[in-house]
Each structure stands twice: as structure tokens, then as C-alpha cells.
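Please walk through this protein model with its sequence and coordinates at hand. Take the sheets first, then the loops and the charges.

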Amino acid sequence: MEARGLHFLRQRQVLLLFLLWDVSWADAGFGHYVVTEETERGSFVVNLPKDLGLGVEELAARRTRVVFDDNKQYLFLDFHTGDLLTNEKLDREKLCGPAEPCMLYFQILMDNPFQIYQAELRVRDINDHSPAFQDKEVILKIPENTAEGAVFRLPRAQDSDAGLNGIQNYTINLNFFFHIKINDNDEGMVYPVLVLDKALDWEDQQEFSLTLTAIDGGSPPRTGTATVRIVVLDINDNAPQFPQELYEAQVPENSPVGFLIVKIFAEDVDTGVNAEVSYSFFDASEDIRTTFEINSLSGAITLNGLLDYESVKSYKINVQAVDGGGLSASCTVVVQVLDINDNSPELIISSLSNYIAENSPATELAVFRIRDRDSGENGKMICYIQKNVPFLLKRSMENFYILMTEGELDRESRDEYNLTITVTDLGTPRLKTQHTITVLVSDVNDNAPTFTQSSYTLSVPENNSPALHIGSVSATDSDSGTNAQLTYSLLPPPHDPLPGLASLVSINADTGQLFALRALDYEALRAFEFRVRATDRGAPPLSGQARVRVRVLDANDNAPFVLHPLQNASAPCTELLPRAAQPGYLLTKVVAVDADAGQNAWLSFQLLQASEPGLFSVWAHSGEVRTARPPGERDAPRQRLLVLVRDNGQPPLSASVTLHVLLVDGFSQPHLPGPEAAAERAQADPLTGPLVVALASVSSLFLCWLLLFVALRLCGRSGRAALPGCPAPKGPFPGQLLDVSGAGTLAHSYQYEVCLTGGTGTSDFKFFKPIYPNIPTQHSVNNSENSPTL
């Protein structure tokens, strides 16, 4: 009965097919297959590629699968051959019961593009069951005055087979009093009727024993037998009479055991024992006998078991009333089972994919079917998912739904969705079923790495140790897995490539830590820039860039260098001081520079030693050497001064310079003698005039030679553009350079650009900047930091 109910539900399916987006549906008439029951597992049913017009390899490529309505796998698909084979021995009687034909409905699902083929499998019956009577002995009580031609209905046998393999005929053994007549009912079932051929005589024979044989239509036919014992009764004039031949009752399927269904009554006008009527089921199946119970005395029919509308919707019960004299009457009770909403909707998934790549267009994730075993409003259903999720349900055909995405998903926004599919019926009370599907969004490499800063500024002290960690850069990637694994690398600046970058700095490819590969010299390279790149390991890889500026911090590693007066000349430089000089007279100016920067290059001057300590003073910030008092007659004509030049670094470095001063007469007008005195002195000493002229000539020649030497040395060649007042450079080395050896506290040898200014009316030197030899990269030195104090 359950299989027959399923069959009824299948017949309600609508085989109209719809075209939804890129989903195509097969012709509804496709797929009528037949298999014989009890065939071995792996028996051939059909070759799908031949039926579908596809290649065998296409079945696997399109993920072809077979889904039955009851979610059992009766068939399986061999992808090597494309054959559809039985997955188990099929028992038609278990699958469909007495229903004929026995149909199993299923779908063939295919992807790319998605298709559903409706199909049905008919399980063909074989004659594997013999007829069987429920009672091996049947007792008939027949009055002796029963007229010839009277008929007596006999119980029919049961045969699990159907169609031609079911019961086709009944016979009894040969006798002179009875024969068998075959009748059929409105359900197409045959049953035997015993016909009286010759009048009975109780006095001659009180009892007969006949053998009733049921024969099915199989080949070879199978049979089943029962014994019919006929008891001849003495005369009983009146048989029981039912007031109606058909009783109808309606019973809710949730009625409890013992529930009264109907009470029947038969009247017998006889008296005594012949009027005593007993009730019983007649020709009742095992299902009826286990489900219902009749009171033999009252005729009350009650429930003996639970009802299930989804299994059996109605019962037809034959009831017989027999009086004490053996006369009987029969009626039929039809019990209609009323459906109640006692079955929750079912959700049967045919195809499911829990993973989807982000940025994928609208994609099918699941195909499922819903059903409710109730009927009417109780069997109507609605299906939906929660709101505010980028998914939707599409109804493809009756009770089939497709769960799909609305559009592209972004894993970085959300990588997991828990979708709850809710199926609710329209019964009272409403019942619902929920099924949760977890959808994981897999990552694709759609996000480039991003640095935490667009630019980084790092500082490193000069004279650092090699492989010093100077800082780190960091980038993040919104992707996951290998798409988020980053590798760091160095890039030269795009517009100002830095030669030898690989020898200056390196980066850890995994952590982004930056290291200075060698000691840096502030005086050679104050700052440099480069770019770093972070590349992920996706396919294709994506990358991001950031700018890094490294500032070299100055250390006080250069002592001051005295530019004037020159200390490496072949002869010491002698300054001339007129004896008539007043206090504050500018004798000379000590000019010095420091290759360091900032306060490390701030210079101060100090007079360490002097022949006459009170005669001279040195201005601490300008280096000007001035007279502190007028020279006296007692002052020695030759004076020696030792001046100390000190920077402001920690610890401070210094240099010293020695000045030679010659006190002379005649340079100051107030001390020049008058014409008369000059004439007298010339007359007194005739050699004085020539000596003065000779001394002036030699001094002039020496001064010219010194100026020419300095001009040639300092303005001859230059690595940069010619300075004002200086000739253009020639040759491979810079001109206008003053060589300074690494003596004293200087760590390196230096060259300074020096040029005399023209047209100023002064003889001061201008010192522009140092030139650093033997260093790969030169950068301009800030004039404000390294220019001498004038």
C-alpha cells in the first residue's frame, strides 16, 4: 500500500520543463526503461550515451548522476562504458506491492550546462511467489434444503505477484455436489464461488471435504491449496439480514488503538440458537486483520493498529454475519482514512557543491527536491532561504529547486555563508523542515599587496657595522593562503637609478627587514632612496611598491681643516704688522672647514701660544686675529702665534695652525718719516733705499707667485660646472682643488674647491665644498653646514 501511495504521488508530477537562465531541461517523454526483478547486481539497463547522443567521456566531464525520488540508489552509472546498471536485486513486491505496473521514477542530472532528464524504471514481475490461502481450512455450513444453484463465496488466495503472474483460476477436486465458478470484482481481482449442483440430504451425508486450488498465470504456473469442509445442517428457515449492504466510515489517521469506527448489526427473525448471530471478517487480508478488530457479538469494528494516510488511504472490509443455524449474510465496510498534517516536509538534495570561487558569475550550488506525504492543503509547500544573503532559489519544475548565487562573491568581505533552506507546508498547524548548507568562498588572487606606509624614512649612523638592521617594511594582502604569502625585493628609483644599490642595502625576502651591507660615510653619501616591492605568490602574482629613504646620520669623525694660512707651503707664511697698528687691527683671518655637518662642523678658534701673550687676540667664532694693544718698541720684531681650531662634536676634534708675524715700519702713514728725515737718512745711509726697493720687489714677486700658484691649483680643473671667476675644468679630475692629507685626526684624504673672488677689492678666499675622492657616490654638501666662517 505504501508503494501504491508513492505511485499516486508520482502520477501527480508535472512533466512540463522550463528554461531558466543557462539551465536546459530534457524532453519529458525521455527515459522509459525496464528491468526484470530479482536480476543480479550489475545487470544492464540502458546505454546512456547512446540514448542521449553524447560521448562516453562527456558523462564524467559533466558530472552525470542518477537520483531516485525516494533518495535510494537502485541504479549506478559505469563511466567507463556509459552503461546504466542495477545496483542491487530489485524485489517488485517490496517496492510496489500489488500495484501494477511497478514504476520507479528518477532523474538524470548533468552539469555544464546543467540539465535534468526525467526518467522512469519499470520493474517487471516474475512468477516468484505461489498463491497462499490465509486459512488452510474453510468451514461452510449449508442447510440441507438449500436449492440447487445456490452459490457460496469462498475466500480467495493471496499472491504477491501481479498481472499475469497473479491468481488466474480456482479449481476443486471432482465431486457430484459442487463446482467452482470464477467471479471478478471492480478491482480486477478474481475470487472463487462454490455452486451447489445437487441437493444435499443431511440424513445421507452430514459433511463433505473438498480441496480448493488457486492457480496463477506464471510459466510454469504455481498453485496453492486449502481444504473446504462443508457441514450439512438441518433446516434453518431464516438467514441474518443486514439493513444495508455498504457501510462507510471516516477515521482520522491519528486515531488511537481501540477507536470505534463503526458498529454493524444483522437481524435474524429466527428464535433460539438460530437467531444468535456472530460477526467476523470474511476474505480479509493480513493488513486488515492486523489493523482492525471486530467484536463477534456486538459487531463493533475498532482499531487494532495505527493508521497512516500516506501508506493506505482507504480500506474495504468484508463482514460476515452467521446465525446459530449456519445461515449467513455479508456486507462491506469502507473505511476512509482522513489525512492530518502529521508529516513534515522533506528536502532531498540531488546535487550539492559547498565551494565556490570568488568573483564567479551566477553559479548553481545545489539541486534539491521537496515533498510532503500529506495531501490537500497539508501537502502544499513553500520554500525559501533567509534574507540579506547573495543567494537565491529558482524553481525549475514541480518541487525541484536550484540554489544559486546572485552574482560575484568577495571572499575578503565574507568567506563563509550558512544558508538555511526552510520548507513549510500550509497545513494546520504548519510544519516545517530546515536544512543548513555551508558555502565556503575560495580565494582567487584579486588583491595586490599593500604597504602599511606609502613611504618610509629610516636613519642609520655613519660608520655603522656591516649587516646592521636599519629598519623594516611591512605589507599586507587581503587574500588568503598562498595568495597572501609575500616576498620582498629591492627596486632602484625609477627616475634616478642608484648605482651599487645592491652593495649598500639588502632586504629579507620573507620578513621585509632592511640591512646596511657596509659602513656608510655621511661625507660621501648623506641620503639615498630606493623602492621596495612586495609580491604575492598567486597566479598571476600581484605586487605593490613603497618608497624608502635612508638618511645617514653624521658622526664627528672629521677634525677641522685649516685652509688659511696654508701649512704645507715650502716656506712659512709671514704676516706683516705695522708698528703703528692700533688695537683691533685685523692682522689676518684663520680660515678652516670641517667635513662633518651640524654642530659637528661648528668651529671655534682659540689662541694657544704667543710670543707676546697680550699683543694679539683671536675672535672665537670668526677666526680673526687682531691686535689687543699697539705694538711697542720693546716687542720683538718677529712674533709666533699658535691658534687652535676646535669643532663642537662629542668628543670634540681640533687642529692647530702657526702664524708668523713680522713687525715692520712704514706700512702705517702716521709712522712714515717726513721728506727731510728721509733725505737725511738717505744721506746718512746710502744703502737703505736700495734695500727697501729690493725687499719690496722680492715680496711682490713672492706674493704674485703665491697667488698664481693658488689660482692654477684651485681653478684649473673641476668635476662640476666652472665657478664664477674660475676657468673651466679640464681633464679627468676636478680642478680648483686643495689637497688635504689625512694627517692628524682626519679619517680620510680630502680635496676642497677654492677660488679667488674677482672684483671685490679684497683678498679673501672663498671655500665652496669638499670633494671626496675614492667614494662611489658624491652628493652635494650643504654650503651652510661646511662653508668656512669668514
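What follows is a short tour of sheets, loop backbones and charged side chains.

The model is predicted. Start with the sheets. Strands in a sheet are held to one another by backbone hydrogen bonds, in parallel or antiparallel fashion.

One open sheet has 4 strands, ordered β16-β22-β21-β18. Its pairing is mixed. The edges are taken by β16 (246–252) and β18 (278–281). Each of these two has a single partner strand, so one of its sides lacks a neighbour in the sheet. On average, neighbouring strands here are turned by 30 degrees against each other, direction ignored.

Look closer at one edge of this sheet. Strand β18 runs antiparallel to β21, which spans residues 314–322. The two are joined by 4 bridges. To find the register, locate S280: the residue opposite is Q320 in β21.

A second open sheet is built from 3 strands in the order β3-β6-β5. Here the pairing is antiparallel. Strands β3 (44–47) and β5 (75–77) form the edges, and each pairs on one side only. The average turn between neighbouring strands of this sheet is 25 degrees, direction ignored.

Edge strand β3 is joined to β6 (residues 83–86) by 3 bridges, and the two strands run antiparallel. Within this pairing, F44 stands opposite L85 of β6.

Now turn to the loops. Most peptide bonds are trans, and most residues other than glycine have a negative phi. Where does the backbone of this model carry a cis peptide bond before P113? The bond runs from N112 to P113, with omega near 0 degrees. P113 sits in the loop that links β7 (102–110) to β8 (115–124).

Another cis bond leads from T428 to P429. Its omega is near -5 degrees. P429 belongs to the loop between β29 (416–425) and β30 (432–442).

N388 departs in phi rather than omega. Its phi is near 60 degrees, a positive value in a residue that is not glycine. The loop between β26 (381–385) and β27 (391–397) holds N388.

Charges come last. Oppositely charged side chains can pair when their charged atoms come close. How many salt bridges does the structure hold? The count is 24. One of them joins D125 and R92, with an N to O distance of 3.2 Å. D125 lies in the loop between β8 and β9 (137–143), while R92 is in helix α4 (residues 92–96), so this contact ties together parts 33 residues apart in sequence.

Other charges gather on the surface. D201, E203, D204 and D234 form a negative patch. Residues in such a patch take part in no salt bridge. E203 can be placed in the loop between β13 (190–196) and β14 (207–216).

How values were computed. Residues numbered from 1 in each chain as written. Predicted model: local features only at pLDDT ≥ 70, side-chain atom pairs only at ≥ 80, totals over all residues. Heavy atoms only, no water. Patch = residues over 30% accessible without salt bridge, like charges linked within 9 Å, V, L, I, M, F, W, Y side chains within 5 Å. Areas by Shrake-Rupley, 256 points an atom, 1.4 Å probe, with all protein chains shown as cover. Salt bridge = Lys/Arg side-chain N within 4 Å of Asp/Glu carboxyl O. Lys, Arg positive; Asp, Glu negative; His and termini not counted. Charge placed at Lys NZ, Arg CZ, Asp CG, Glu CD. Pairing = 2+ DSSP bridges. Axes fitted to C-alpha atoms, helices over the stretch in contact; angles between N-to-C directions.
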